[in-house]
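Student: I would like to go through this model with you. Can we start with the surface and then go inside?

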Amino acid sequence: MKIAALALLAGSAAAFAPAPQAGRVATSKSAAIDDLKEVAAKANPIVKFFDPIGLADQNFWGTTSDETIGFLRESEVKHGRIAMFAFVGYIVHANGITFPWAMQMDGTPFPKVASAPEAWDSISDAAKIQIFLFVGFLEFYREVASEKHYMKGGKIGDFPDFDAKVIPGGALNLYDPFGYSKNKSAAAKEAGLIKELNNGRLAMIGIFGFLSEAKIEGAVPALKGIIPSYAGEFMAPMSHSLFPSL
C-alpha cells in the first residue's frame, strides 16, 4: 500500500554527593509521573493513567525516569502520527485512488491493486530506499536540531523548523508549513495535542485491525469481506534482502 530515540546518558560531576542527586531524581520522577497522569486523565477521563507493565517506572539505557518518560511520550506521538498516515493511506490505495502523474522518473505509474499492501510491493526497491533515507533524515533532524531534546525536557511531538543553512534553498517546515498554528494560544495547542494522542491511538488500533484481517480472514469479524486477503509479508519491506544469505 501504502501505507504509509536516542538516549543520552547524563554524567554527574558530583561523584560524592549521592544524597542531593537522589533528591533531584525523586523530584524529577514525581514531576514527570504527575505530568504523565495529568495528560492521561485529559486524554481519557474514564481509563485515565494506564500502565499495566510499568514502563513509566523504568530507566531505559541507564537514563533517569524523567528521560524515559520523555522517550515514551515522544514515541507514542510519533507512532500515532505514522498510524494516522497508514490508516488513511490504506483506505486510499485499497480503493484504487492514485496521483494522476507517474510514480517514478522512468514513467512507471502508481499501481492499482486489489489489496492495499500490494501497492508497496509494487514499488521498486530503489524507490523504497529513497523513502527510507528520507524518513531517516527526518529522524536524524528531529534528534539533533531541536532546541531542547524531548528526553531533556523538550516539547513532546515538536519538530524543529528546517534551517536554510542546513537545507540548501530552504524548505517548508514539516510541521505547520504554512504557519496556521503559529499564533494559537498555549491552551489551544495543548488541547490539540490531546486530540492528536487520541486519534493516533485509535489509528494504531485501526491499522492493526486492517493488517490482521488481511492476513487471517475473520480475525476482525467486522472487517470480514471488506479487507482483501494479502499473501505477502508485512515484515519484509524489500523485494530482495539487502543481506547475503547466511
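Student: Which residues gather in a patch of positive charge on the surface?

Tutor: This is a predicted model, where local features need pLDDT of at least 70, side-chain atom pairs count only at pLDDT 80 or more, and totals for chains, interfaces and linings use all residues. Residues are numbered from 1 along each chain as its sequence is written, and side-chain values use heavy atoms, without hydrogens and water. A patch takes residues with over 30% relative accessible area (Shrake-Rupley, 1.4 Å probe, only the protein chains shown as cover) and no salt bridge (Lys or Arg side-chain nitrogen within 4 Å of an Asp or Glu carboxyl oxygen). Like charges, placed for Lys at NZ, are joined within 9 Å, and the patch holds Lys155, Lys184, Lys189 and Lys195.

Student: Is Lys189 buried, partly exposed or exposed?

Tutor: Lys189 sits in helix α5, residues 186-215 (a DSSP run of H or I, at least four residues). Buried means under 20% relative accessible area, exposed over 50%, partly exposed in between. Lys189 has 42%, so it counts as partly exposed.

Student: What is the relative accessible area of Leu133?

Tutor: Leu133 lies in helix α4, residues 125-145. It belongs to a nonpolar surface patch, whose side chains are joined within 5 Å. Leu133 is exposed, at 60%.

Student: Which element gives the largest share of the largest nonpolar core?

Tutor: A nonpolar core joins buried Ala, Val, Leu, Ile, Met, Phe, Trp, Tyr and Cys residues through side-chain atoms within 4.5 Å. The largest one has 12 residues, including Ala83 and Phe210. Two or more residues come from each of α2 (65-94) and α5. The largest share, five residues, is from α5.

How values were computed
Lys and Arg count as positive and Asp and Glu as negative; His and the chain ends are not counted. Buried means under 20% relative accessible area, exposed over 50%, partly exposed in between (1.4 Å probe, protein chains only).
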